[in-house]
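Visitor: Hello! I am new to this structure and would love a close look at a single part of it. Could you walk me through it in a connected way?

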Amino acid sequence: MNLVDSIAQMSMDMSAIRFQHDLGLTMMKKAMETSADLANNLIDMLDSVPKFAGDNGTLLDVRA
């Protein structure tokens, strides 16, 4: 293999590595956004639980 082919192959390999890296970061970012959305929904659900005057905390019925 000559020098030009070697350089071209190395460039293609580096591009593939960069693509895999960017894809991994994108997937991780989406997973973090999904987790944040789920946490926000949980917080909203907990905030919607009725609070009773004089009680410490709230009443949450978790029966299915």
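What does the secondary structure of the protein chain come to, in helices and strands?

Guide: Welcome! This is a predicted model, in which local features need pLDDT of at least 70 and side-chain atom pairs count only at pLDDT 80 or more, while totals for chains, interfaces and linings use all residues. Residues are numbered from 1 along each chain as its sequence is written, and side-chain values use heavy atoms, with hydrogens and water left out.

The protein chain has one helix and zero strands; helices (H or I, at least four residues) and strands (E, at least two) are DSSP runs, numbered from the N terminus. So let us follow that helix, α1, which covers residues 3-47. Its 45 residues should span 66 Å at 1.5 Å a residue, and this agrees with its end C-alpha atoms, which are 66 Å apart. The expected span is 1.5 Å times one less than the number of residues. At the N-terminal end of α1, Asn-2 acts as a cap, with a side-chain oxygen 3.3 Å from the backbone nitrogen of Val-4.

Further along, Asp-22 and Arg-18 join their side chains in a salt bridge (3.6 Å, N to O). The term means a side-chain nitrogen of Lys or Arg within 4 Å of a carboxyl oxygen of Asp or Glu. Because the two residues are four apart in helix α1, about one helical turn separates Asp-22 from Arg-18. Arg-18 counts as exposed because its relative accessibility is 55%, whereas Asp-22, at 32%, counts as partly exposed. Here buried means under 20% relative accessible area, exposed over 50%, and partly exposed in between (1.4 Å probe, protein chains only). A search of the whole structure finds one salt bridge.

Leu-23 also lies in helix α1 and, at 42% relative accessibility, counts as partly exposed. Of the 64 residues of the protein chain, 2% count as buried.

How values were computed. Polar contact = N/O pair within 3.5 Å; in protein donor to acceptor, adjacent residues only side chain to side chain.
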